[in-house]
Each structure stands twice: as structure tokens, then as C-alpha cells.
Amino acid sequence: MTDAPFRVLPALDDDNRFFWTSGADGRLRFLRCQACGYWLHPPAPYCPSCGGRDVAPEPVSGRGQVWSFTINHHPWDGSPEPWNIVLVELDEQPGLRLTSNLVGAADDAIEIGMRVQVAFEERDGIFFPLFEPEAP
Ligand SMILES: [Zn+2]
């Protein structure tokens with residue numbers, strides 16, 4: 001179980017503010033190309049699929065699957081180890097992946113392909129997008 005690890009608060013700017021505050025309404029958002037519909041993450045000023053420069057935040061379902069994961073046993077930053085790191089691929093698009101932590105499940109219950117949904121953890125106005133096992 002990942003238990004309240006140390007988190008570095010991101011410095012907000014005009015490019016990333018939408019991402020880190022998106023959870024205020026419970027929805028995860030990524031930039032999406034307004035020309036071809038391609039989802040971008042990490043944020044970029046243009047679409048890698050069609051080269052279009054009209055990109056804007058849009059909400060996603062927040063659901064996906066564990067694409068990869070690891071359990072950290074090294075005391076990097078003072079967080080109580082072990083803690084998990086999951087790479088989640090969102091349902092919206094192959095390759096649309098977010099590095100995060102899985103909460104609400106034991107570390108040894110994490111599996112590749114496990115269905116998950118976003119669960120935000122708010123600190124000082126920053127909404128960290130974490131994931132939990134998908135509700136049935
Ligand atoms: Zn595009």
C-alpha cells in the first residue's frame with residue numbers, strides 16, 4: 001500500500017496549470033489536438049501526429065490499465081518505502097500513459113493489465129492524479 005508518500009509540489013505555469021488543477025472537478029485532463037483529436041502527454045505546443053498547433057485541455061474518462069509498474073524499496077526521499085510506481089495507459093488512446101502511484105490496493109496485488117481509475121489527492125491546491133482499482 002502506498003501510504004502518503006512525500007510529494008514535490010510542481011511549480012505552476014500557464015502551460016501546466018490545467019493539468020495540476022484539473023482534479024478540482026474530479027476529472028483528469030490532457031491536451032488534445034483540435035484538428036485530428038490526438039491526445040498529447042506530456043504537454044507540447046503542437047500535435048506530434050499532424051503538426052497542428054491548436055491544442056487544448058479536454059477531460060478523459062480517467063480509466064485505463066496498468067501498462068507497467070515497479071515497487072520501490074530504496075529510501076530516495078524519506079517516504080516510507082516500499083511504494084509503487086505505476087505507468088497507466090488511458091483508455092482514450094494507445095500510448096497515452098501517465099506515471100503515477102496506485103492507491104487502495106496492496107503492492108503485491110498490482111498486475112500488468114489491471115483495470116484502474118483516477119483518484120485525486122489534493123495538497124495546497126495541487127491535485128495529484130493517482131489511480132485506484134476500477135470500481136466494478
Ligand atoms: Zn493533430
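Two strands count as paired if DSSP finds at least two bridges between them. In this predicted model, an open sheet of five strands follows the order 6-5-4-7-8. Its pairing is antiparallel. Strand 6 (97–100) and strand 8 (126–133) are the edge strands, and each pairs on one side only. From one strand to the next, the twist averages 35°.

At one edge of this sheet, strand 6 joins strand 5 through four bridges. The two strands run antiparallel. Within this pair, Val 88 has Leu 98 of strand 6 as its bridge partner. Strand 5 and strand 6 form a hairpin with six residues between the strands. Gly 95 in this hairpin takes a positive phi near 90°. In a regular strand, side chains alternate between the two faces of the sheet. Strand 6 has a covered face and an uncovered one. Leu 98 and Ser 100 make up the covered face. Arg 97 and Thr 99 make up the uncovered face.

Strand 4 (residues 63–72) pairs with strand 7 in the antiparallel sense, over three bridges. Here Gln 65 stands opposite Arg 115 in strand 7. The loop between strand 6 and strand 7 holds Glu 111. Glu 111 counts as exposed, because its relative accessibility is 52% and the exposed class begins over 50%. Val 66 lies 45 residues from Glu 111 in sequence. In space the two are 7.0 Å apart, C-alpha to C-alpha.

At the other edge, strand 7 (residues 115–123) meets strand 8. Eight bridges pair them in the antiparallel sense. Val 118 has Phe 131 in strand 8 as its bridge partner. Arg 123 stands opposite Ile 126 in strand 8. The two strands form a hairpin with two residues between them. In its turn, Asp 124 has a positive phi of about 50°. Strand 8 also contains Leu 130. Leu 130 counts as buried, because its relative accessibility is 4% and the buried class covers values under 20%. Leu 130 and Ala 44 are 86 residues apart in sequence. Their C-alpha atoms are 22 Å apart in space.

A further open sheet has three strands in the order 2-1-3. Its pairing is antiparallel. Strand 2 and strand 3 stand at the edges, each with a single partner strand, so one side of each has no neighbour in the sheet. Two bridges pair strand 1 with strand 2 in the antiparallel sense. In this pair, Arg 32 stands opposite Trp 39 in strand 2.

The model also contains a zinc ion. Its protein donors are the SG atoms of Cys 33, Cys 36, Cys 47 and Cys 50. These donors lie 2.2 to 2.4 Å from the zinc ion. In sequence, the donor residues are spaced C-x2-C-x10-C-x2-C. Cys 36 and Cys 47 link distant parts of the chain, 11 residues apart. Cys 36 sits in the loop between strand 1 (29–33) and strand 2 (39–40). Cys 47 sits in the loop between strand 2 and strand 3 (55–59). The site is tetrahedral, with angles of 103 to 116° among the four donor atoms. For four tetrahedral donors, the ideal angle is 109.5 degrees. Accessibility was also computed for two of the donor residues. Cys 36 is partly exposed, with a relative accessible area of 40%. Cys 47 counts as buried, at 1% relative accessibility.

In soluble globular proteins, nonpolar side chains tend to be buried together. The largest nonpolar core of the model has 23 residues. Those with the most contacts inside this core are Leu 28, Phe 30, Leu 90, Leu 102 and Phe 131. Several elements give two or more residues to the core: helix 1 (17–21), strand 1, strand 2, strand 5 (83–90) and strand 7. The core draws at least three residues from each of two domains. These are domain 1 (14–21 + 28–59) and domain 2 (61–136).

Note on methods
Residues are numbered from 1 along each chain as its sequence is written. This is a predicted model: local features need pLDDT of at least 70, side-chain atom pairs count only at pLDDT 80 or more; totals for chains, interfaces and linings use all residues. Side-chain values use heavy atoms; hydrogens and water are left out. Donors are N, O and S atoms within 2.8 Å of the metal (3.2 Å for Na, K and Ca); water is not among the atoms, so sites may look incomplete. Four donors count as tetrahedral if all angles lie between 85 and 135 degrees; four count as square planar and six as octahedral if opposite donors are over 155 degrees apart and all others between 65 and 115; anything else is irregular. Buried means under 20% relative accessible area, exposed over 50%, partly exposed in between (1.4 Å probe, protein chains only). Axes are lines fitted to C-alpha atoms, for helices over the stretch in contact, and angles run from 0 to 180 degrees between N-to-C directions. A nonpolar core is a set of buried Ala, Val, Leu, Ile, Met, Phe, Trp, Tyr and Cys residues joined through side-chain atoms within 4.5 Å. Domain bounds come from an automatic or database domain assignment.
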